[in-house]
Amino acid sequence: MRDLKYPLLLLLLLFALPSMAEDAQLKAHSPLKAHSQLETLSEIKNYTQANQRQILQDFTSLLALPNVSANSQDMLVNAKWITNYIAHRGFTSEVISAGRAPYILAEKKVPRASKTILIYAHFDGQPVEPANWATPPFTPTLIDKPIERGGKPVKWDGTSPLNPEWRLAARSAGDDKAPVIALMAALDAMDSAGITPTVNIKLILDGEEEVGSPTLETILQKHGEKLAADLMLFCDGPMHPSRNKQLVFGMRGSMTVDVTTYGALSPLHSGHYGNFAPNPTNKLMRLLTSMTDEQGNILIDGYNDQVRPISSAEREALASIPKVDEQLKHDLAIAESLGKNVRVEEGVLSPAIIIKGFQAGGVGSQARNIIQPSATASINMRLAADQTPAFLRDKMEAHIKRQGYTIVYDKPSIELRRKHNKLVMLDWRAGAYPAFRSKIDSPQAKKLTAIMNSIDDKPTILTPTLGGSLPIYLFEQALDMPIIILPIANHDNNQHGRNENLRLQNLWDAVEIYAAILSSYDK
């Protein structure tokens, strides 16, 4: 599969029409007229259907731009493309930075609008290893289904209908360039139908989210007053596997610590010293298993003391979410889930301790009959609402000390290793942040839910928390407005991994969702 070279050139040749951006700039605005919600949604759907080819061209052009945050020049190219693109829809914007990758702040003022919606998305992506991809990560490629399920590139002629189940495979297709394209397509569709937004629109587009948004706090301190709004929509994350429309009200927090235990100063022959020299691998495994039981329940004293209880409104929302646990277990080839009877949507409301990696010598052909001098594990701690990194660090360290360990934070000296049998080095990694969870029954949540429910006859899924982590807490601290997460990507988009993709129907649905919100939020 790796040598199949389709799309970008093919798509660009097929998409010979003027770009949507240029076309939108030349169009005269249609006279405004009164529309019912039903008429609005019908016209948006018709526009999207008629302009799928053009919308896909714009998406392909943006996805073709490499966007690993560490490459500042690439990120500036992305920022220039986006600012030019959104300018044709009436946005004024500025590109700013605080010493790393750029952010884009933009605004579209609407005559007579009294409310403002602030929309967040990010335009950077995870680093790529092209050799692991079936198609080049920055050559957007239409595939008929996910590669992992036997998907193959589509030989599309550019004129036949686009199958809504096809995927566009490229880095950041699912995480997180699609909101930029879908939002602008929604505005184009509204303009074509003579429908004006009912709100002013502000954007903050993040160029460093995939590295933890390290300068976001500084950006908000310097420019936060420009982002004043009545509601913030955080457009990131995957949708529920049922594919129903969804609003999300929280994200887990995240922190990482690398834990290293020690034995002898140098590798030792396991036969000669196996009953004499302490084995740091054994020590580390016992330490790790003391933290959780077989069901993932945390055994560290006091670790859950800060966890916010699940509210009655959240319990009600959980009960109404379509159950997907059995299907997930089947798809993932899991015989039994952790927590057994705790459904996946409830499980993420609790904290978790995950062993991300373990390094202590080789296996298979790389195995050697030695006792290693040290062993290291990387632990990811997922935080529940109201838990703070400082509190959990204290609880984790107290637990390790109760296991008889002496803690150091730098590589220990020979004297320390001679003095302490149970010695552990903790490397608390940068980028820790707490969880976020807003009220699922707030007035803004009820208004958004009603708008989303009006789109079709399927109820909107209200999810208290997703399992991933986003730096929303910084916005919560800096900005005085409710924050609600609006995901649009398919749940199986291979976020952060090889063969990342976006299902085409998700893109068309996003256009309709954005248009519905913008056209009716302040009616």
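This text goes through a predicted model, taking in turn a helix, the nonpolar cores, the cavities and the aromatic pairs.

Helix α4 covers residues 52-63. At 1.5 Å a residue, its twelve residues should span 16 Å, and the C-alpha atoms at its ends are 16 Å apart, so the expected and computed spans agree. The helix is mostly covered, with ten of its twelve residues buried. The buried residues include the nonpolar Ile55, Leu56, Phe59, Leu62 and Leu63. Gln52, Gln54, Gln57, Asp58 and Thr60 are buried in α4 as well.

One residue of this helix leads on to the interior of the model. Phe59 is among the residues with the most contacts inside the largest nonpolar core, which has 78 residues. The others named for their contacts there are Leu142, Leu203, Leu233, Leu486, Tyr514 and Ile517. Another core, of 27 residues, lies apart from this one, and Tyr103, Tyr120, Ile472 and Leu479 are among its members. In soluble globular proteins, nonpolar side chains tend to be buried together.

The cavities come next. Rolling a probe the size of a water molecule over the atoms shows where empty space is left. In this model there are two cavities of 30 Å³ or more. The largest holds about 50 Å³ of space. Its lining consists of Ile86, Ile119, Ala121, Pro179, Val180, Leu183, Met184, Leu203 and Leu205. Strand β3 (116-122), helix α6 (178-192) and strand β6 (200-206) each give at least two residues to this lining, and α6 supplies the largest share, four residues. The nine lining residues are nonpolar, with no polar and no charged residues. Leu203, a member of this lining, is also one of the residues with the most contacts in the largest nonpolar core.

The second largest cavity has a volume of about 30 Å³. Its lining is mixed in class: eight nonpolar residues, one polar and two charged. Among the residues that line this cavity are Met251, Val348, Leu349, Leu383 and Phe436, together with Arg252, Arg437 and Thr465. The two arginines count as charged and the threonine as polar.

The aromatic residues give another view of how separate parts of the chain meet. The structure holds five aromatic pairs. In one of them, the ring centres of tyrosine 120 and phenylalanine 475 are 5.6 Å apart and the planes stand at 70°, so the pair is edge-to-face. This pair links distant parts of the chain, with tyrosine 120 in strand β3 and phenylalanine 475 in helix α16 (residues 472-478), 355 residues apart. Tyrosine 120 is buried at a relative accessible area of 0%, and phenylalanine 475 also has a relative accessible area of 0%. Another aromatic pair, tyrosine 433 with tyrosine 473, is stacked, at 5.7 Å centre to centre and 20° between the planes. Tyrosine 433 lies in the loop between β16 (423-428) and β17 (436-437), and tyrosine 473 lies in helix α16, so this pair ties together parts that are 40 residues apart in sequence. Both tyrosine 433 and tyrosine 473 are buried. Tyr120 and Phe475 also belong with Phe234 to one aromatic cluster.

A last contact between separate parts of the chain involves helix α3 (residues 37-50), where tyrosine 47 is found. At 11% relative accessibility, tyrosine 47 counts as buried, because the cut-off is under 20%. The C-alpha atom of tyrosine 47 is separated by 9.2 Å from that of alanine 185, although the two residues are 138 residues apart along the chain.

Definitions and conventions. Residues are numbered from 1 along each chain as its sequence is written. This is a predicted model: local features need pLDDT of at least 70, side-chain atom pairs count only at pLDDT 80 or more; totals for chains, interfaces and linings use all residues. Side-chain values use heavy atoms; hydrogens and water are left out. The expected span of a helix is 1.5 Å times one less than its number of residues. Buried means under 20% relative accessible area, exposed over 50%, partly exposed in between (1.4 Å probe, protein chains only). On a 1 Å grid over the protein atoms alone, a cavity is a set of points where a 1.4 Å probe fits but cannot get out, and a pocket is an open set with protein on both sides within 12 Å along at least five of seven lines; lining residues have an atom within 4 Å of a point. Grid points are joined across faces, edges and corners, and a volume is the space filled by probe spheres set on the points. A nonpolar core is a set of buried Ala, Val, Leu, Ile, Met, Phe, Trp, Tyr and Cys residues joined through side-chain atoms within 4.5 Å. Rings of Phe, Tyr and Trp (its six-membered ring) pair if their centres lie within 6.5 Å; planes under 30 degrees apart count as stacked, over 60 as edge-to-face and the rest as tilted.
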